[in-house]
Amino acid sequence: MTSIRILVGSVYGGALLTARTLKKELEGEGHHVTVLENPVLDDITSNNDALLVCTSTTGQGELPANLLPFYLDLRDQLPQQPGRPFGIIVLGDSSYEDTFCGAGELMEEALCETAARKVGDTLRIDALETMEPEAEALPWVRGWLEQI
């Protein structure tokens, strides 16, 4: 089974609830899942687990405050992660148009700069279309795991 580290960026708790739901379901299927609510670089440099970013978008396409320090350190230090698989689940509001799900794009760009390998397409969950992001995230993450 797969070991996964979920890097969470959450403002009002939707992304955190989604990450915790994924952990519960995936551990029931035999995977090892660590949910990181306030990740630091050592959380990824000390292992080779697959990375899953589960974040909401705030402001004008920005990262939530709890994920921002990790992102800034990632961009500043660029710890090389050659071939390390990662995926992105991002929650947003499409009424913001140009900045819709911008936090996911920021994390994807930063991880790609470390030579990590993006697996699958980003899952963009629109708050205007769904009230239960975990219901969309679970089937997506199962498909993502098959591609790792």
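**Note on strand β4, its neighbours and the α1/α5 packing**

1. In β5, Phe86 finds its bridge partner in Lys118. This contact belongs to a predicted model, and it is a convenient place to begin, since strand β4 (residues 85-92) and strand β5 (residues 117-118) pair in the parallel sense over two bridges. The connection between these two strands passes through helix α4 (residues 102-113), and β4, α4 and β5 together form a β-α-β unit that is right-handed.

2. Lys118 itself, placed in strand β5, has a relative accessibility of 26% and therefore counts as partly exposed, the buried class being reserved for values under 20%. As to its distance from another part of the chain, the C-alpha atoms of Lys118 and Arg75 lie 17 Å apart in space, while the two residues are 43 apart in sequence.

3. Turning to β4 as a whole, eight of its eight residues are buried, so the strand is largely enclosed by the rest of the structure. The burial concerns both faces of β4: on one side Pro85, Gly87, Ile89 and Leu91 are buried, and on the other side Phe86, Ile88, Val90 and Gly92 are buried as well.

4. Strand β3 (residues 50-56) runs parallel to β4 and is joined to it by six bridges, with Ser56 standing opposite Leu91 of β4. Between these two strands the chain crosses through helix α3 (residues 68-77), and the resulting β-α-β crossover is right-handed.

5. Strand β6 (residues 123-126) is a further partner of β4: the two strands run parallel, and four bridges join them. Here Leu91 appears again, this time opposite Ile125 in β6, so that a reader following Leu91 of β4 meets Ser56 as well as Ile125, and should keep in mind that Leu91 is among the buried residues of the strand.

6. Which aromatic residues pair in this structure, and how are their rings arranged? The structure holds one aromatic pair. The ring centres of Trp140 and Trp144 are 6.1 Å apart and the ring planes stand at 10° to each other, so the pair is classed as stacked, the cut-off for that class being an angle under 30 degrees. A pair of aromatic rings is described by the distance of the centres and the angle of the planes.

7. Both tryptophans of the pair, Trp140 and Trp144, lie in helix α5 (residues 133-147), where they are four residues apart, about one turn of the helix. With a relative accessibility of 17%, Trp140 counts as buried, and Trp144, at 1%, counts as buried too.

8. Helix α5 also packs against helix α1 (residues 14-28), their axes being 9 Å apart and set at an angle of about 50°. That angle makes α1 oblique to α5, and the crossing in which α1 passes α5 is right-handed.

9. A last point concerns Val35, which is found in strand β2 (residues 32-36). Its relative accessible area is 21%, so Val35 is partly exposed, and a careful reader may wish to set that value beside the limit of under 20% that defines buried. The C-alpha atoms of Val35 and Asp121 are separated by 21 Å, and the two residues are 86 apart along the chain.

Technical notes
Residues numbered from 1 in each chain as written. Predicted model: local features only at pLDDT ≥ 70, side-chain atom pairs only at ≥ 80, totals over all residues. Heavy atoms only, no water. Phe/Tyr/Trp six-rings, centres within 6.5 Å; stacked < 30°, edge-to-face > 60°. Buried < 20%, exposed > 50% of the residue type's maximum accessible area, 1.4 Å probe, protein only. Pairing = 2+ DSSP bridges. Right-handed = clockwise from strand over helix to strand, strands pointing away. Axes fitted to C-alpha atoms, helices over the stretch in contact; angles between N-to-C directions. Parallel < 35°, antiparallel > 145°, perpendicular 65-115°, else oblique. Left-handed = near helix turned anticlockwise from the far one by under 90°.
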